[in-house]
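Got the viewer open? Here is a walk through the model, one selection at a time.

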Amino acid sequence: MKAEQDGSATPAPGGGRTRNRRGEGALLRDEIVAAAERLLEREGNEEALTLRSVAREAGISAPSIYGHFADRDAILGAVLDIGFERLRVLVLDAADGIDDPVERLLAGCQAYARFGMQDPAQYRILFGRQRPDRPSMDSPADIAGLPEVWRRRLDAFMVMVDSLTECVKAGRSASADPFADATTLWTSLHGAVVMRQFVPGFPMPPLHRAVEDLVRRIGLIRP
């Protein structure tokens, strides 16, 4: 019992996991989250995620989880945080070092679409269903008042808003409302990704070409 209280892990029944040393609780927490990520990627749906399945995947006893996560939803929340941060970094890295604002916007949107196609299981976890704790917003100004966790989850979208705003400032976009147009662009990119996942046999144009067309049309990009 002491092992569970100080954050160390007991071997799972039938498993051979080595007990963590005192002070390695943070390491165990990371292992639990990594195990949940592997399960979601392999199974492709949230229903596969239970305390028992995560413990089995991590090679620990199920009670060991409670020192780090209150329940299954808390584990899922940690996975979501990692996924949204990964998406934000991918979008930012893709645009890094590009001087032209239109090319920066294009690069970020291409990175978003690639993420959705290359990691479909995680993409579906991030955007695949309505979550009961998701806050509602009546206007863009409401974003500032969101809990921090939800502001972080909108970071990748706000990169898109900022990029389109820069296009407007540079005289490269005719958008009169970059937030609204970025919202339409985001939903259109989502549709382009999801349709290719669920209707793979349809003769759609290459994804990179579709993304560029959406950016130029919805972003009101000037030549």
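**The overall fold**

Start with the whole chain in cartoon view and trace it from the N terminus: the elements run α-α-α-α-α-α-α-α-α-α. That comes to 10 helices and 0 strands. Keep in mind that this is a predicted model. If you colour by burial, you'll find that buried residues make up 43% of the 223 residues in the chain.

**Stop 1: helices 5 and 8**

Select residues 101-118, which are helix 5, and residues 155-169, which are helix 8. Their axes are 8 Å apart, and the two pack at an angle of about 160 degrees. Angles over 145 degrees count as roughly antiparallel, and helix 5 and helix 8 are therefore roughly antiparallel to each other. The crossing of helix 5 past helix 8 is left-handed.

Stay here and pick Leu164, which sits in helix 8. Is Leu164 buried or exposed? With 1% relative accessibility, Leu164 counts as buried. Now show the C-alpha atoms of Leu164 and Pro101: they are separated by 7.8 Å, although the two residues are 63 apart along the chain.

**Stop 2: helices 4 and 6**

Next, select residues 72-95 for helix 4 and residues 120-127 for helix 6. How do these two cross? Their axes come within 10 Å, at an angle of roughly 110 degrees. Helix 4 and helix 6 are therefore roughly perpendicular to each other. Here too you can check the handedness: helix 4 passes helix 6 in a left-handed crossing.

**Stop 3: salt bridges**

Switch on side chains. The count of salt bridges comes to 14, and a few are worth a click.

Go to Glu37 and Arg86, whose closest N and O atoms are 3.3 Å apart in a salt bridge. Glu37 belongs to helix 2 (residues 25-43) and Arg86 to helix 4, so this pair ties together parts that are 49 residues apart in sequence. Glu37 is buried, at 19% relative accessible area, whereas Arg86 is partly exposed at 33%.

Now move to Glu57 and Arg38, another salt bridge, with the closest N and O atoms 3.0 Å apart. Glu57 is in helix 3 (residues 51-58) and Arg38 in helix 2, so the pair links parts that are 19 residues apart in sequence. Glu57 is partly exposed, with a relative accessible area of 23%, and Arg38 is partly exposed at 37%.

For a salt bridge inside one helix, select Arg216 and Glu212; their closest N and O atoms are 3.1 Å apart. The two are 4 residues apart in helix 10, which means about one helical turn separates them. Arg216 is partly exposed, at 32% relative accessible area, and Glu212 is partly exposed at 32% as well. Before you leave the charges, add Arg38, Arg42, Glu43 and Glu57 to your selection: salt bridges that share partners join them into one network.

**Stop 4: towards the C terminus**

Switch to a surface view and select Met195, Phe198, Val199 and Phe202. Together they form a nonpolar surface patch with about 410 Å² of accessible area. Met195 has its place in helix 9 (residues 178-198) and counts as partly exposed at 43% relative accessibility.

Finish at Leu220, in the segment after helix 10 (207-218). What stands out in its backbone is a positive phi of about 55 degrees, although Leu220 is not a glycine. Leu220 is partly exposed, with 39% relative accessible area.

Technical notes: Residues numbered from 1 in each chain as written. Predicted model: local features only at pLDDT ≥ 70, side-chain atom pairs only at ≥ 80, totals over all residues. Heavy atoms only, no water. Patch = residues over 30% accessible without salt bridge, like charges linked within 9 Å, V, L, I, M, F, W, Y side chains within 5 Å. Areas by Shrake-Rupley, 256 points an atom, 1.4 Å probe, with all protein chains shown as cover. Salt bridge = Lys/Arg side-chain N within 4 Å of Asp/Glu carboxyl O. Buried < 20%, exposed > 50% of the residue type's maximum accessible area, 1.4 Å probe, protein only. Axes fitted to C-alpha atoms, helices over the stretch in contact; angles between N-to-C directions. Parallel < 35°, antiparallel > 145°, perpendicular 65-115°, else oblique. Left-handed = near helix turned anticlockwise from the far one by under 90°.
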